[in-house]
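Visitor: Please choose a single part of this model and take me through it closely. Then show me how it fits into the rest.

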Amino acid sequence: MASATVAVLAGLALLSSCRPSPPEFDLIVRGGLVLDGTGTPAMRADVGVQGDRITALGDLSDRTTTESLDADGQVVAPGFIDTQGQSGRMLLEDGAGASHIRQGITSEVIGEASTPALWVPGSADQSLLTRLGERFDWSGFNGFLERLASRGITVNVGSLAPLNQLRVDVIGPAQREARPEELEEMRRRLDTAMRQGAFGLSSALIYPPGSYASTDEIVVLAKTAAIHGGRYVTHIRGEGDRVETALDEAITIAEQAQIPVVIYHLKIATRTRWKTMPAIVARLERARARGLDVSATAYPYPVAGTSLDASLPDWVHDGGDAAMLRRLADPAMRARIRRDIERGHDGWENFLRAAGFDGVTIADVKAGGDTSVIGLTLAEIARRRGRSDWDTFFDLLIEHDGAVAALYALMHEDDVREVLRQPWVTIGSDSSAQPAEGPLAVGRPHPRGFGSFPRVLGRYVRDEGLVPLPAMVRRLTMGAAEQFGIRERGQVRPGWYADLVVFDPATIRDTATFDRPRQYPVGVTAVVVNGVVTVKDGALTGRRAGRALLGPGVVPTRDPS
């Protein structure tokens, strides 16, 4: 009996020894030229991933893995970080995030003027939630980000807390200064948002009601964000004739609040000031030389995109959309608006005068609106309708309740290039992640939503040699993470999150144009998000591993050691 037992045990041991060992890695990206995000030259190496982390970097040719990606002859970089995403609402509706993830974007920071993360009862977009069959039942700032991730998204998402939204919720659309008790309430709400994961305070100071805020009001709020290690990120009050004073305000806030300041989409947005960007850069360099942490984002196009009603003077927006529409329908008010736009006045960004009727193209209109105007300039629409340029401008806003998106030809390529040269400038798409086809592919959006990052790497880095590839990859990754305080992302580094992009430096380029913007780029072959292969052979895999990104006010739950 004993001998039989010994034989059985020996047989079991033999079977056990014959079983294959489990793979050492969940994923190995093999044979690529690794640009690790630090700006150092590329090195040939394999990247090993276990779970959501990078765990090895080097020669892993004899190591086993569950899944592998062949990156021979291609660059392997950290996933790109979009420092001005606009995907909060769209990702609730469509978590695929196709136009962003296929650029190599693995993380984005939203919240320039609004964010669903800051919704409160009464301010949530109820029509969107009803259409999605969703209820506004998440709790707090971080609750939205976690809800978004739980629905299944391809990219990681963090958010800022917008001044514009705080003002709407506390003060409303009135054109006046905040009362002391209102400012304290905004400060309290911002403090809560920072504790729950906001990356800082944002402002869009060309758009009401943010444009109604004083510098002193912003300083008070920025100090609150600074207490939690946050940033102040701003669409400054003017990017045309008043750009210097607008930048000086941002620099003053950096100094008085002792907070890092990021300028959204640094640009010269008026034809009368074209090719003056070197002086603007010098102004910011002087602030940086004084020890102030001032940097910027950019998108690589000479055309801006925003709403058509942004062309109206601030006073027209006082009281909200209903009041604005009443003014637009009043002939006397129309005459006053026209005079203000033609002559200009202090305190407002005059887009229409800067671009002209032939430089403003309609990109989208509200659902059920006149889609025949999409892709046409205001001047072209006026000719087709047999109306004056001014009447056409006013009529379009009235017909669509102010909900008209437009593209403005405002910038010069030389100024765009000067911005892209600066080592303290990161890239923000200023766009939501969108599909190229299907029922959600409506309107004619700015091509930056589909092509910003490949355009930088293809046109400006490879073709024009504007910036060396390792240096630009650093700005798209580690530089962006440092700019916003994003932890453990932005480098190909053992122990850090496995967000990776594989691209061919010889072929990467954007294909989206202003005539045909919904076209994906080429040359991005694979994207990995939190260790999950999300794009393979240039196509979506259907896997969604995006997570909530939480700001510095939230204590990490994982010991980084």
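Guide: First, a term. A helix here is a DSSP run of H or I with at least four residues, and helices are numbered from the N terminus. By that count, V473 belongs to helix 19, which spans residues 469-476. The model is a predicted one.

Let us stay with V473. Is this residue buried or exposed? V473 counts as buried because its relative accessibility is 0%; the cut-off for buried is under 20%. What does V473 touch beyond its neighbours within four places in sequence? The contacts are L35, A77, P78, L457 and F503. G39 is 434 residues away from V473 along the chain. Yet the C-alpha atoms of V473 and G39 are separated by 7.0 Å.

Two of those contacts lead into the interior. L457 and F503, both touched by V473, are among the residues with the most contacts inside the largest nonpolar core. L201 and L266 share that listing. The core holds 90 residues. Helix 9, residues 243-257, gives the most to this core, with eight residues.

L266 gives a closer view of the core's contacts. Setting aside residues up to four places away in sequence, L266 touches L247, M277, I280, L284, A296, T297, V419 and W424. Another core lies apart from this one and has 42 residues. A304, L308, V360 and A379 are among them.

Now compare a second residue with 0% relative accessibility. A204 lies in strand 10. A204 counts as buried because its relative accessibility is 0%. Its contacts, not counting residues up to four places away in sequence, are E112, A113, N164, G210, S211 and H235. The C-alpha atoms of A204 and P162 are separated by 7.9 Å, with their positions 42 residues apart along the chain.

N164 takes us to helix 6. Six of the eight residues of helix 6 (residues 163-170) are buried, so the helix is largely enclosed by the rest of the structure. The buried ones are L163, N164, Q165, L166, R167 and V170. They pack against strand 9 (161-162), helix 7 (180-196), strand 10 (200-204) and helix 8 (215-227). After helix 6 comes G172, with a positive phi near 95°.

Helix 12, residues 321-329, can be read in a similar way. Its buried residues are A323, M324, L325 and L328. Their cover includes helix 11 (314-317), helix 13 (331-343) and helix 16 (389-399).

Finally, step back to the whole chain. It has 20 helices and 21 strands. Of its 561 residues, 57% count as buried. Contacts between residues at least 6 apart in sequence are dominated by long separations: 76% join residues at least 24 apart. A compact globule with 561 residues would have a radius of gyration near 24 Å, and the chain's 25 Å agrees with that. Along the principal axes, the C-alpha atoms fill a box of roughly 110 × 50 × 50 Å.

The outside can be put in numbers too. The chain exposes about 21,700 Å², and carbon and sulfur atoms supply 51% of that area. There are 63 positive and 70 negative side chains. The centres of these two sets lie 1 Å apart.

How values were computed:
Residues numbered from 1 in each chain as written. Predicted model: local features only at pLDDT ≥ 70, side-chain atom pairs only at ≥ 80, totals over all residues. Heavy atoms only, no water. Helix = DSSP H or I, 4+ residues; strand = E, 2+ residues; numbered from the N terminus. Rg over C-alpha atoms; globule rule 2.2 N^0.38 Å. Buried < 20%, exposed > 50% of the residue type's maximum accessible area, 1.4 Å probe, protein only. Contact = heavy atoms within 4.5 Å. Areas by Shrake-Rupley, 256 points an atom, 1.4 Å probe, with all protein chains shown as cover. Lys, Arg positive; Asp, Glu negative; His and termini not counted. Charge placed at Lys NZ, Arg CZ, Asp CG, Glu CD. Core = buried A, V, L, I, M, F, W, Y, C linked by side-chain atoms within 4.5 Å.
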